[in-house]
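Welcome, and thanks for taking a look at this one with me. Below are some notes to read with the structure open beside you.

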Amino acid sequence: MTKLAHVFMSVAIAGLSTLAVAKDVATVNGKGITEEDFKKAVDQLGPQAEMVKTNPQVRQQFLDHMIERSLLADQAKGTNVEDSDRFKSLVETAKRDILAQLYLEKYIAEQTTEPKLKEYFEKNKKKFQEKEIKAVHILFEEKQKAEAEKVLAEINKKNNFEEMEKKYATDPNGSKGGDLNWFKAGRMVPEFEKAAFATDKGKVYPKLVKTQFGYHIIKIADVRGGETIKFEDKKPEIEQDIRMNARNDVVKSLRDKAQVKVDEPTLTGLKF
């Protein structure tokens, strides 16, 4: 056997091996719904795809949906549905929507390449360098000021904020609080914000902070931003920014170049 023949034989065997392990998730009247068919259908769901991927019950429900659609579509082929004006109209509408969606996906992909992300970061560095803090607090009602002072004194003495937060943030008598997650300047009430931004990472503000909500004991869990911010730290946020703006940007650009005229009286006077 020649060397070339050996190559062809290897390819053929590899192909047969692939066919041997390929599986159908279901068959409908002898026609298989392959794993690849199923995965492609799931990916077309967009954000809802994650539910199918992670929840076995939802996955089964989605497969049932595919089976039902396949049965109904096969049944329709024996009728004149495909010749109807409504079918043709729906096909044209679907084609238009699919084209629009695929173009938008392509546009977003082009705008979210690594060089584009870095370019966006450099142009908007001030926005991303803005200092953010992650605060945890314990909140007491105004009538509980004395108790709040007692708790803060113990925290300042024993450095046991986490213990006190766990105890008082779930207190049934009205005390509450907990993790406030990340926030920038301008997001919290002034009194709280002034104290929070004046406190170093890992430290508890040494005094009670009074706001319209009551008395707060504040600890700064983490700090990010400022002059030391790196592209890698903000990459997901940059990509999210671009994705959020991409559709509006491309549509505005297209409308600016197009001749679009809306007949308001006709639109308003439509009868359904």
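1. A word on terms before we start: a residue is buried when its relative accessible area is under 20%, exposed when it is over 50%, and partly exposed in between. Take N181 as a try-out: its relative accessibility is 42%, so N181 counts as partly exposed. Please keep in mind throughout that this is a predicted model.

2. Let us stay with N181 for a moment. This residue lies in strand β4, which covers residues 176-184. Its phi is near 60 degrees, a positive value in a residue other than glycine.

3. N29 is another asparagine to look at, with phi near 50 degrees; that value is positive too, and the residue is not a glycine. You will find N29 in the loop that links β1 (24-28) and β2 (31-34). Its relative accessibility is 71%, over the 50% limit, so N29 counts as exposed.

4. Now step back for the overall picture. The protein has 12 helices and six strands. Of its 272 residues, 26% are buried. If you take the contacts between residues at least 6 apart in sequence, 64% of them join residues at least 24 apart.

5. Which residues touch the most other members of the largest nonpolar core? They are I138, F140, V151, I155, F161 and I217, in a core of 14 residues. Two or more residues each come from β3 (132-140), α8, α9 and β6 (214-224). The largest share, four residues, is given by α8. Another core lies apart from this one; it has 12 residues, including A26, I33, V52 and M66.

6. Next, the helices. Two packed helices are described by the angle between their axes and the distance between the axes. For helix α8 (residues 145-158) and helix α9 (residues 161-168), the angle is about 150 degrees and the axes are 9 Å apart. An angle over 145 degrees counts as roughly antiparallel, which is why α8 is described that way relative to α9. The crossing of α8 past α9 is right-handed. On the α8 side the contact uses E147, V151, E154 and I155, and these meet F161, M164 and Y168 of α9. Sorted by class, that contact has five nonpolar, no polar and two charged residues.

7. Helix α11 (residues 231-257) is worth following along its length, and helix α5 (residues 85-111) is one of its partners: their axes come within 10 Å and cross at roughly 125 degrees. The two helices are therefore oblique to each other. As α5 passes α11, the crossing is right-handed. From α5 come Y103, L104, Y107, I108 and Q111, while α11 brings I242, R243, A246, R247, D249 and V250. By class, the contact of α5 with α11 has seven nonpolar, one polar and three charged residues.

8. Helix α6 (residues 114-123) also packs with α11, at an angle of about 95 degrees and with the axes 9 Å apart. Because 65 to 115 degrees counts as roughly perpendicular, that is the label for α6 against α11. Here E114, L117, K118, Y120 and F121 of α6 meet F231, K235, I238, E239, D241, I242 and N245 of α11. In this contact there are six nonpolar, one polar and five charged residues. You may recognise I242 of α11 from the contact with α5.

9. Is I220 buried or exposed? Its relative accessibility is 0%, so I220 counts as buried. This residue sits in strand β6. Leaving out residues up to four places away in sequence, I220 touches I133, K134, A135, A196, T199, D200, K201, G202 and K203.

10. To finish, consider G202, one of those contacts of I220. Although 18 residues separate I220 and G202 in sequence, their C-alpha atoms are 5.4 Å apart. G202 is placed in the loop between α10 (190-197) and β5 (209-211). At 41% relative accessibility, G202 counts as partly exposed because the value falls between the 20% and 50% limits. Apart from neighbours within four places in sequence, G202 is in contact with K219 and I220. V223 is 21 residues from G202 in sequence, with 9.0 Å between their C-alpha atoms.

Definitions and conventions:
Residues numbered from 1 in each chain as written. Predicted model: local features only at pLDDT ≥ 70, side-chain atom pairs only at ≥ 80, totals over all residues. Heavy atoms only, no water. Axes fitted to C-alpha atoms, helices over the stretch in contact; angles between N-to-C directions. Parallel < 35°, antiparallel > 145°, perpendicular 65-115°, else oblique. Left-handed = near helix turned anticlockwise from the far one by under 90°. Contact = heavy atoms within 4.5 Å. Nonpolar A, V, L, I, M, F, W, Y, C, P; charged D, E, K, R; others polar. Core = buried A, V, L, I, M, F, W, Y, C linked by side-chain atoms within 4.5 Å. Buried < 20%, exposed > 50% of the residue type's maximum accessible area, 1.4 Å probe, protein only.
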